[in-house]
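Thanks for coming, everyone. Let me put the structure up and then walk you through a few pieces of it.

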Amino acid sequence: MKAIRRFTVRPVLPEPLRPLSDLARNLRWSWHAETRDLFQSVDPGRWAASGEDPVRLLGSVPPARLAELAADGPFLSRLSAVAGDLDDYVTGGRWYQDQSAELPAAVAYFSPEFGITAALPQYSGGLGILAGDHLKAASDLGVPLIGVGLLYRHGYFRQTLSRDGWQQEHYPVLDPNELPLALLKEPDGTPAQVSLALPGGKSLHARVWLAQVGRVPLLMLDSDVEENDLGERGVTDRLYGGGSEHRLLQEMLLGIGGVRAVRTYCRLTGHPEPEVFHTNEGHAGFLGLERIAELADQGLDFDAALEAVRAGTVFTTHTPVPAGIDRFDRELVAHHFGPAAELPGIDVERILQLGMETYPGGEPNLFNMAVMGLRLGQRANGVSLLHGNVSREMFSGLWPGFDPDEVPITSVTNGVHAPTWVAPEVFRLGARQIGGRRTEDALTVGGSDRWDAVGEIPDQDIWELRRNLREQLVLEVRERLRASWRQRGAGTAELGWIDGVLDPDVLTIGFARRVPSYKRLTLMLRDRDRLMDLLLHPERPIQIVVAGKAHPADDGGKRLVQELVRFADDPRVRHRIVFLPDYGMAMAKKLYPGCDIWLNNPLRPLEACGTSGMKAALNGCLNLSVLDGWWDEWFQPDFGWAIPTADGTATDPDRRDDIEAAALYDLLEQRVTPRFYEQGRAGLPDRWIEMVRQTLTLLGPKVLAGRMVREYVERLYTPAAHAHRAMTPDAARELAGWKARVRSAWHDVSVDHVETSVAAVTATAELGTTLTLRVRVALGGLAPDDVEVQVVSGRVDPEDRIGDASTVPLKPTGGPDTEGRWAYEGPLSLDRTGPYGYTVRILPAHRLLASGAELGLVAVPSEEMGEGAGVLMR
């Protein structure tokens, strides 16, 4: 029989055990070993059955066991110590509080998904895991962050396989009352709500759930409330589900509703109001519109409000491909804004202008969320050095006239939260070497370039650790494989072979990620005979563990999964290659430490960062990867191997896959497996162990989320906070008026004449020579204070394009001449040998600009003038 109503019945904890409730509600337990050990000791069997979720555990422990623990002195002492440690962690000063700079009072961090723990399944892949790690690292560092997301009642899908290996999706219903969440409530005890106006006089209401991530509150908006009609209740049903309008409503709720939720939270708790708003990918971009509307209510016009909002906004792009960006039809967006819908005080055309692709190569009828993010954020970044380059190229149309390397998008390379992803055995080995507190600090705050203490760990200890972790993975794989085959319809009698799957003494390769085509899940199958030879080699075999989910709407990705599953089902190799369905955080925490090699073979440069290999590296796993994302930046032969790429434009995709797959097989046959299996004098693989040691010593400190968040604070959040403070209402009006004046006058700005102090520039000049440049420019209706005239110089290629350029401002030498032209002068030092050239340009200049390229305006000499004056040496 089916219940007509569902309740969540919470246990009443005896008074001495009340701190257990606080510990369960703060998600720090998900990365704090002592807290997890405490909960495990409550009831080891129920802890495992609960999926290591303290809230579910406490809901299942019998009253008799609770009474027993309430009288258990040693347990209560441990409970008191762990609760006290949490209190110190949440209230004490940390790295952020020790900084002398004027840091932001608070930062609001918006993301469509957050991967904090498997007990709160609100993530689909790398973007969400990165966002979760960002919050955890901010908490460890004491950064006053407020996270903002949505609460999806079905989360992302759960994955199983059919008998023939086809991916099947399941959407379990999540009850927020059974999750480690609490409702944000008004002083009278009623749930706090935010609302959005919808077309046709309707409204979208959402409650605000609070997840406490250490020191960081995470606000999650939930539209499944009684005040909504059925359609509106389903807005937060699934992560990345539904059609265009469904996605648009999700993103309006995240951005606009999210700002309203932050305001409500700060009002109710006294938390400082954010000075900086960080948009993690374009999904939350509408937050800027809500902030413009707030300022409009305070008397600012749209243009001034736009400048004030941009000053304090940071935008992070995570995609290197235009297809990965949410884009909406212009008419759909227009329908949801304006007098009869949301933000009625803002002209719909101004809203549309922020997101339209009004640049060469764009589609002018599409509203692009990343483009809006860039136009609403004064500071923007990609997530690795290579991805920064790709992003500058991809979005260069927004800054016409500038070389891609001057497009104002920087990069902060992602990191991973070590306490979440480092196996307890690895942590204990470090703690044995330098102590638990120092190990914890090294993994959270970071700051050092090397972990030299790793060099003192004996080879035998490192090798025993690696084998222990591999053995744990083998047992985990067999358990998961058996469950998967039962779901696929197999009987127990058919599954005896699973007891022989994988071998704890065989080189183990891991490959786990989402399954879009560019990640090339099946590249390893390109030459199946060669792969079989590797798997079944009599002296140097390999074994491979694969996991990954294809998007529910991506049948191409599902076919790739099926292709790999069918290969792994082959009785000849199924003991050496497995596909594990339902890849998620719980599986990943076993997979990364247990592998010897982490394989990554995307189409370069389509991997923005790819943090799974970082998590593997922190556990002593070596990377075998295409030079893409973070691996392009930090690869050294000490840390692993680089798969050569065939990314020339003339190479067709099939040929490219053949070449790169062959390179992968060559590396495995000739370099990777021999090194793993060769033994030194002590019977240990000395050279392999040394690579593990170097990975931990030199790569470990780089890949930390603590390093990443410190970079955000120093390079983006703090400058944004200073810009926000400088952008008073009067300053915002001044800057908006100045920009309007500059834009209207720019068509009359030009470089009219350039000459050097040398009468006739010869084909060569001596290193160290300094020339004097004299330039005559027309400024139209502008004054010298409105512009900067620069000389740009550097080495030139055969087409006379300047690379690795340096810029020097020139100074006006007096007033305008009779024709209204201005003379500028300055030195040009020839400080590099080889082909060398220069040009002159004019940029807008204002004290409140973050970059000279901000307006996308530049004036350069005509081609005819350039031919006479621009190249000094060939």
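I'll go through one annotated domain, one hairpin and one sheet.

Quick caveats: this is a predicted model, where local features need pLDDT of at least 70 and side-chain atom pairs count only at pLDDT 80 or more, while totals for chains, interfaces and linings use all residues. Residues are numbered from 1 along each chain as its sequence is written, and side-chain values use heavy atoms, with hydrogens and water left out.

So, the domain. An unreviewed UniProt entry puts "domain: DUF3417" at residues 13-120; positions are in the numbering used here, the feature name is shortened, and such annotations may be inferred rather than shown by experiment. That span is 54% helix and 4% strand, with its end C-alpha atoms 23 Å apart. Helices here are DSSP runs (H or I, at least four residues), and so are strands (E, at least two), numbered from the N terminus.

Now the hairpin. Which side chains of β6, residues 193-197, are buried? Val 194 and Leu 196, which point to one face, whereas Gln 193, Ser 195 and Ala 197 point to the other and are not buried. Buried means under 20% relative accessible area, with a 1.4 Å probe and protein chains only. β6 pairs antiparallel with β7 (203-213) through 5 bridges; pairing takes at least two DSSP bridges. Val 194 sits opposite Ala 206, and between the strands, Gly 200 has a positive phi near 80°.

Last, the open sheet: four strands, ordered β21-β22-β26-β25, antiparallel. β21 (749-756) and β25 (811-812) are the edges. β21 joins β22 (770-779) by 7 bridges, and Glu 755 faces Arg 774 in β22.

Key
Buried < 20%, exposed > 50% of the residue type's maximum accessible area, 1.4 Å probe, protein only.
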